[in-house]
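Work through these exercises with the sequence and the model open. Try each task before reading its solution.

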Amino acid sequence: GSGFSWLAPIVLWLTSEESEINMTLTQFSWLTSCPQIGFLLSVVPSGMLADRYGRKTVLISAAPLSLLAWILVATTRDITVLFIVRLIQGITIAIAFTVAPVYVAEVSSPKVRGLLGGQFSLMLQVGTVVSYVAGLYLSYQTYIYVQMILSLMFLATFSFMPESPYYYFMVKRKEQAYSSYYWLSGKQATEELLKIEENVQEDMKNKTGWVDLIARKCDRRALWLVQLVSFMRAATGMPSYAAYGTQIFAASSKNIFPTDVLALIMVIVLLICTFLAALFSDTAGRRFLLILSSVGTIISNLAVGVYFYLELETSVNLTIWILYLAVLGFCMSANTGTGNLQTVVQAEFFPSHTRGKGGAITGITSALSTFLVLKLYQPLIDSVGIYMNFFFYAVSIAVSLFLIHIYLPESAGKTLAEVNSLVKVEKSTLWLTSDQSEIKMTDKDFSWITATIELGILAFVIPAGILADRYGRKRVLLSAAPLCFLSWILATLTRDIVVLYVIRFIQGIFAAVAFTVAPMYVAEISDPKIRGFLGGHFCVLLSSGTLFCHVIGSYLNYVTYLRILMVLPVGFFLLLLFMPETPYYYFMVGKTAEAVKSYNWLKNDNGDLSKIEQAVQDEMASRGGWKDLIATKSDRKALLIVQSICIAKCAIGLPTYISFGRQMFQTLSSSNQLLASDQLAIAMGVILTVSALISSLVSDMLGRRTLLIWTSLGAAVANLTIAVYFYLYKEVSLNLAGTEWIMYLAVAIFCTAANMGLAQLVMVVQAEFFPSNTRGKGGAISGIVSAVVTFIVLKLYQVLTVAVGIYINYAIFSFFALITAVVIYVILPESAGKTLAEVNAIIK
């Protein structure tokens, strides 16, 4: 606690002219966040060392490191050395957050594990209080000497504690495990100890390293639950309150108490609430306290945000007591649950053989979340206002609360073995077509339902483009969200396969709107220099959605899975609601004043506005309906280019990788699989998401044409490799044991190549090459072509697999990918970095 927060009480002095250290607010912001970097670098080694050398040994080693950091602080006034100090303190914090919860959980009785586990957060707050008290009333040098005493006290007291009996059982030192248990409980071997030994032995049988964290559905469920609780702690805004407490109060001009005194009161309240939560977590329950705490922090953060908004942005006169009470409410709420129970849940939900590694991953999640919260605090103040931080915290914790309410089981009063059993909820990998499914569905039904979405796209892709030109891009996009939400409601209420066809058709309508209107909206609000970057995020989000479905669908029950998916259209609607309509559309309908407002909202200047207006007027002068798409040679060329890329995106096989990825891996026998098919599908989703993100970053720099050519060639090679592998494995019955990595590597290459090229850039090219007067209609035609080809590819996949063999699909995909590279080389001009008017000029 002191290592993390010792800068907070002296922030005003450090950044003042009286300071012995010349420090700016930016440097202070980086110093505050810097421990998270040290944390990230050492959190994984901490977990590994705790499993190898013991929990106690690793914890003891942190004391000399902490002492070294304080000695450096006491002997220097160099800002560079302070950055090194903060890195060292990040290492000690990593050891504490990773290993201490494991140690406490393993030496505690189930009846008091919540109480003792809560002492971790209690001591964290004690360290913060000590820092605030000493920092406010002592000189800088004396303040640092006080901090040294804490490290010495830890070293002196913890040296007499025993190692965890769990660790001794892990390394097969049974006698020392019995001695440790006797020291801790005062009892000889009991039934509880025998259960501990049996549980550890069972856990250790499965030991395979880091893969163990995701080896089974129950392991993955435990992992994501703990990461969710870890994220919640940072999402509440707790790191900002702790690090910037003095500045939060200083932001108000109406304080009736000194800001440093107010910050001290705040951390004292945090300390008291932590102590109370530790007392009641075993009786009230972890889940109840987390939910109660989340509701309180949402209300408190909203109150703080509204207070600062009204004070800073309006002339409303508010009493300062609203701020005081809101912050007090936050302190009481946050440390009752979200700030207190992370380490308890972390230590309870991981089994023995992954507890150290799981703690390391949790540490990384915590560090990244905390780093982002701390680093975004000052930029959000500078760009929007201090109130935006608290609105952000409220929204983040609201999403987390929803997930906790649905998924987190109660663990209070249970042994660690019993907690592990709570998350062992297995479900068939291919659930919909299994005997366990509530919906009687064959593989043929699944194939048709998968492809039905394309019929919805076909039916609505033209109306979507027409409506976007008539009523605006934003309105049409917003109207799609309720449709999507309706489809998820229907899915939760029915088990009738006919209704599922209707649902997929409705989702096709939503997809038609997204694929037709979203690319033109993004292109029309983007600066030419980053249009590829922003346009590429359409594909990033598409891949993220696929990954999200693979991850949560693998181990959640059907209804819960659908309830989570309901959140996505709601989030989309709320976010887009605050965005403006495009200036292009306003110029198209003659609303010049609204176009100016929209442009100023987006760019805050009027630099290219006159050029946009002139370009739109020129294009609208020739407006003549659907014939405009083929009216001139340049129009036909634009149509040919965009449709060629739309066809290529589907013809190289990307839809089948997304829809049949798990079945593709299931084709391999279990002896030829390095990972389960659902894990491989998730890995494929990760690759798709990451590659889409990378492509969005480099498409403006490398150019659309170069990326499309090289990635098409990569997709051709990858598909050909997969085709040959399946042919040898299924048709020749060749023993390919030990060569599975070839198949996995080929899939990884395809996912990377396809998503960095065709999947990513088809929307960007579509929005760039059609002029304003045909952008909506051109998008509609592209949607039709894409839907038809996707439908054909998805339907033929299963047919060709049964009639010839799975390999023939990938041989065909390889051929089309090679043809695509040639076609793009011949017909596609470069459009990166050019305005939409310049792109249109290229093809004229």
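**Exercise 1. Place F257, then judge its exposure and its surroundings on the surface.**

Step 1. Locate the residue. F257 lies in the loop between α13 (245-250) and α14 (259-284). Keep in mind that this is a predicted model.

Step 2. Apply the cut-offs. Buried means under 20% relative accessible area, and exposed means over 50%. F257 has 39% relative accessibility, so it counts as partly exposed.

Step 3. Look for a patch. F257 joins I256, W321, L325, L328 and M332 in a nonpolar surface patch of about 590 Å².

**Exercise 2. Is S151 buried or exposed, and which residues does it touch?**

Step 1. Find S151 in helix α7, which covers residues 140-158.

Step 2. Check its accessibility. The value is 8%, so S151 counts as buried.

Step 3. List its partners, leaving out residues up to four places away in sequence. S151 touches A63, S66, L67 and W70.

**Exercise 3. Decide what state the cysteines C646 and C650 are in.**

Step 1. Recall the chemistry. A disulfide is a covalent bond between the sulfur atoms of two cysteines.

Step 2. Set the cut-off. The two sulfur atoms must be within 2.5 Å.

Step 3. Compare. The sulfur of C650 is 7.3 Å from the closest cysteine sulfur, that of C646, so the gap is too far for a bond.

Step 4. Check the whole structure. It holds zero disulfides. C646 is accordingly in no disulfide.

Step 5. Add the burial. C646 has a relative accessible area of 3% and is buried. C650 is buried too, with 1%.

**Exercise 4. Test the length of helix α25 and find its buried residues.**

Step 1. Count residues. Helix α25 runs over residues 558-577, which gives 20 residues.

Step 2. Work out the expected span. At 1.5 Å a residue, α25 should span 28 Å. The multiplier is one less than the number of residues.

Step 3. Compare with the model. The end C-alpha atoms of α25 are 30 Å apart, which agrees.

Step 4. Pick out the buried positions. They are Y558, T560, Y561, L562, I564, L565, M566, P569 and L576.

**Exercise 5. Describe the chain as a whole.**

Step 1. Secondary structure: the chain has 37 helices and zero strands.

Step 2. Burial: 57% of its 844 residues count as buried.

Step 3. Contacts: take those between residues at least 6 apart in sequence. Of these, 81% join residues at least 24 apart.

Step 4. Surface: the accessible surface is about 34200 Å², and 69% of it belongs to carbon and sulfur atoms.

Note on methods
Residues are numbered from 1 along each chain as its sequence is written. This is a predicted model: local features need pLDDT of at least 70, side-chain atom pairs count only at pLDDT 80 or more; totals for chains, interfaces and linings use all residues. Side-chain values use heavy atoms; hydrogens and water are left out. Buried means under 20% relative accessible area, exposed over 50%, partly exposed in between (1.4 Å probe, protein chains only). Helices (H or I, at least four residues) and strands (E, at least two) are DSSP runs, numbered from the N terminus. Contact means heavy atoms within 4.5 Å. Patches are made of residues with over 30% relative accessible area and no salt bridge: like charges are joined within 9 Å, nonpolar side chains (Val, Leu, Ile, Met, Phe, Trp, Tyr) within 5 Å. Accessible areas come from the Shrake-Rupley method with a 1.4 Å probe; for residues, only the protein chains shown count as cover. A salt bridge is a side-chain nitrogen of Lys or Arg within 4 Å of a carboxyl oxygen of Asp or Glu.
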